[in-house]
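Here are some short exercises for practising how to read a protein structure. Try each task on your own before you look at the steps below it.

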Amino acid sequence: MNLTRRRGAIAFFIVMGVCLIGLLVYLNITWVHLSGRRFAIGFVGVILFVILIAGVVLNTFFLVREIRRNERQDSFLNAVTHELKTPIASIRLYLDTLSRHPGDETQRQHFYAVMRSDTDRLLSTVESVLKAGELGQRTRVSQRTRIEIFPLVADCITTVRARHHLAPEAIELAEIGGGVRLHVMGNPEDLRTAILNLLDNAVKYSPNGVHIQCRINIERYTFAVLSITDSGLGIPAPELKRIFKRFYRASSNDRVKIKGTGLGLFLVRTIARQHGGDVRATSEGPGKGATMFLKLPLAIGNSMSGIEG
């Protein structure tokens, strides 16, 4: 209902802007025609007309943008509410069941495992919201350490495999050729958050089976690029850049509802840029999977060489 109302409001403001521009054009032409040979008056009228047109266009643009921003924020609040309520309700249900019917040891262990999983999901949602607020308060990373990128990615893959109960072959990491060791300068926790979000996103958007290929390459001898390729739902071309905006969530398949808050990829882009890098996405289209590229500057210098044999 809210979505329909907002779309109606957007259409209203666009139509109103077009009507006002048409009225201004009519009034300006009438003024110029009536002014006859009074060139100065006509010239002033044209200048005022241009100013008014610009004002109406800008006003309509900002109104539409604000409506869309509010729509994304409402969507984010609904998603966060769902992500918080669902695990809490599940934990409470299992606790009530255990208090009334303790059951055998096997059943209790199963309940404990489910509650731990729900607790991890709850904690992940809270940490994402807190991390988004924290990163929004700073423009760059103040404390950086030298980090070898391959072990960090491997550790994140192990975490995601355990989190989603995946087989080892579900997520594969290609070895860097020639025994090269690549290092970057950054905040380990921030980079870990970025990589985990990319991996979780690849798993989440692969509902028909997880098969993810990870690779680390060197770009222009100055950047380490982590590519994460999945065979999941894919991304429509118009959304390849929008998915990194705060609260934005890609359009989901009608048959597959993807849970999330719309903060994961925003966090990845924020962290990458604060480290002097960036992130981008490519996809051949819906149903054809996607590849995320996380680019980070290599640590350079005699004492902090980013490439070691």
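**Exercise 1. Take stock of the chain.**

Task: how much area does the protein chain expose, and how many helices and strands does it have?

Solution. Step 1: the protein chain exposes about 18,600 Å², with carbon and sulfur atoms supplying 59% of it. Accessible areas come from the Shrake-Rupley method with a 1.4 Å probe, and for residues only the protein chains shown count as cover.

The model is predicted, so local features need pLDDT of at least 70 and side-chain atom pairs count only at pLDDT 80 or more, while totals for chains, interfaces and linings use all residues. Residues are numbered from 1 along each chain as its sequence is written, and side-chain values use heavy atoms, leaving out hydrogens and water.

Step 2: the protein chain has 6 helices and 8 strands. These are DSSP runs numbered from the N terminus (helices are H or I with at least four residues, strands are E with at least two).

Step 3: of the 309 residues, 36% count as buried. Buried means under 20% relative accessible area, exposed over 50%, and partly exposed in between (1.4 Å probe, protein chains only).

**Exercise 2. Lay out the sheet.**

Task: in what order do the 5 strands of the open sheet lie, and which stand at the edges?

Solution. Step 1: the order is E2-E4-E5-E7-E6, with mixed pairing. Two strands pair if DSSP finds at least two bridges between them.

Step 2: strand E2 (171-173) and strand E6 (278-282) each have a single partner strand, so one side of each is left without a neighbour in the sheet.

Step 3: from one strand to the next, the twist averages 20 degrees.

**Exercise 3. Follow strand E5.**

Task: which strands pair with E5, and over how many bridges?

Solution. Step 1: E4 (residues 212-219) and E5 (residues 223-230) pair in the antiparallel sense over 7 bridges. Between them lie 3 residues of a hairpin, and arginine 220 in the turn has a positive phi of about 55 degrees.

Step 2: look at single partners. Cysteine 214 has isoleucine 228 in E5 as its bridge partner, and arginine 215 has serine 227.

Step 3: E5 and E7 run antiparallel too, joined by 8 bridges. Here valine 225 stands opposite lysine 295 in E7.

Step 4: check the cover. In E5, 7 of its 8 residues are buried.

**Exercise 4. Place two residues.**

Task: is serine 206 buried or exposed, and what does it touch beyond its sequence neighbours?

Solution. Step 1: serine 206 sits in the loop between helix H5 (188-204) and E4.

Step 2: serine 206 counts as buried because its relative accessibility is 4%.

Step 3: leaving aside neighbours within four places in sequence, serine 206 is in contact (heavy atoms within 4.5 Å) with Asp230, Ser231 and Gly232.

Task: now place leucine 48 and find its class of accessibility.

Solution. Step 1: leucine 48 belongs to helix H2 (residues 39-100).

Step 2: its relative accessibility is 42%, so leucine 48 counts as partly exposed.

Notes: Axes are lines fitted to C-alpha atoms, for helices over the stretch in contact, and angles run from 0 to 180 degrees between N-to-C directions.
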